[in-house]
Amino acid sequence: ESERRLWEPPPRLTVSEWADHHRVLGADVSAEPGPWETRRTPYLRDFQDALGDPTVEEVYLMKVPQVGGSEALRNGLGYWVDVDPGPCLIVYPSERAGREVVDERLVPLFRDSPRLRGHLTGVARDVQLRQLNLDTMSLFTGHAGSPQSLATRPCRYGVCDETDKYPPWSGREADPVALVEARLHTYAHRRKVVCISTPTTPGGTIATLCAAIPPTARAWWSVTCPACGW
């Protein structure tokens, strides 16, 4: 029986279920530190679960500020590291923004959750600005102003964070989202590209991406503001 238990496959959890079991928010990233509870932000359940759905290759989230979207995205990162690993490239609007997120959000993500802390290698050089090496996979970071940082290695996961804050793109290189998608070709149907942003204009990147989704693939969910009713 002891050998049987050792060979049992891990339970199949959605990303939201995984977060409810394993994600812990520290006091430096949340006003209410402690275990993550999806029931507190039920409107993020579908977005999170799409991050772990093997039948979904593209996930776009257009959102208002401060509704938990970025933390929900980090739940997806934790799930990938723990359950379904593969090299991941995360693109930020600028090098400074990337440095701040790595120091203030990604490192605490692995430090505060015991399940994820176990994936840290304990080697100091494995935690850097542009690369976090874990025991299951690597997280690479780049910024939208540097095509070179987006075109160096094949990845399975590509995350474009705050796309509408990316600088204007010109020259012979493709736009940052297209460059990220090009990095994922090796993984074919196992790839996943995620774009998340607060919109700026109807012609902004995230609005354009969402508008281009075929109607047959589109899934909408909304939350009504208790103050104004919209």
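**Figure 1. Charged side chains of the predicted model.** The protein chain carries 26 positive and 29 negative side chains, where Lys and Arg count as positive and Asp and Glu as negative, with His and the chain ends not counted. The centres of the two sets lie 2 Å apart; the place of each charge is taken as NZ of Lys, CZ of Arg, CG of Asp or CD of Glu. This is a predicted model, in which local features need pLDDT of at least 70 and side-chain atom pairs count only at pLDDT 80 or more, while totals for chains, interfaces and linings use all residues. Residues are numbered from 1 along each chain as its sequence is written, and side-chain values use heavy atoms, with hydrogens and water left out.

**Figure 2. The whole chain.** The protein chain contains 8 helices and 8 strands; these are DSSP runs numbered from the N terminus, helices (H or I) having at least four residues and strands (E) at least two. Along the principal axes, the C-alpha atoms fill a box of roughly 60 × 45 × 35 Å. The radius of gyration of the protein chain is 18 Å, which agrees with the value near 17 Å for a compact globule of 230 residues; the radius is taken over C-alpha atoms, and the globule rule is 2.2 Å times the number of residues to the power 0.38. The accessible surface comes to about 12900 Å², of which 54% belongs to carbon and sulfur atoms. Accessible areas come from the Shrake-Rupley method with a 1.4 Å probe, and for residues only the protein chains shown count as cover. Among contacts with a separation of 6 or more, 70% involve residues 24 or more positions apart, a contact meaning heavy atoms within 4.5 Å.

**Figure 3. The nonpolar cores.** Of the 230 residues, 43% count as buried; buried means under 20% relative accessible area, exposed over 50%, and partly exposed in between (1.4 Å probe, protein chains only). A nonpolar core is a set of buried Ala, Val, Leu, Ile, Met, Phe, Trp, Tyr and Cys residues joined through side-chain atoms within 4.5 Å. The largest such core has 36 residues, and Phe47, Trp80, Cys88 and Leu106 have the most contacts inside it. Elements giving two or more residues to this core include helix H3 (45-52), helix H4 (69-82), strand E4 (88-92) and helix H5 (95-112). A second, separate core of 18 residues includes Leu89, Leu184, Ile206 and Leu209.

**Figure 4. Val29 in its loop.** Val29 is found between strand E1 (24-25) and strand E2 (34-35). Val29 counts as buried because its relative accessibility is 17%. Apart from neighbours within four places in sequence, Val29 is in contact with Glu104, Arg105 and Pro108. Between Val29 and Asp164, which are 135 residues apart in sequence, the C-alpha to C-alpha distance is 23 Å.

**Figure 5. Val64 and Gln66 in the loop between E3 and H4.** Val64 is found in this loop, as is Gln66. With 51% relative accessibility, Val64 counts as exposed; Gln66, at 80%, also counts as exposed. Gln66 has a positive phi of about 60 degrees although it is not a glycine. The C-alpha atoms of Val64 and Ser197 are separated by 8.3 Å, with their positions 133 residues apart along the chain.

**Figure 6. Glu162 and its contacts.** Glu162 is found in the loop between E7 and helix H7 (176-183). The phi of Glu162 is near 50 degrees, a positive value in a residue other than glycine. At 14% relative accessibility, Glu162 counts as buried. Leaving aside neighbours within four places in sequence, Glu162 is in contact with Lys63, Pro93, Ile196, Ser197 and Thr198. The C-alpha atoms of Glu162 and Ile196 are separated by 5.7 Å, although these residues are 34 apart along the chain.

**Figure 7. Arg96 in helix H5.** Arg96 has its place in helix H5, and its relative accessibility of 60% makes Arg96 count as exposed. Arg96 and Asp84 are 12 residues apart in sequence and 29 Å apart in space, C-alpha to C-alpha.
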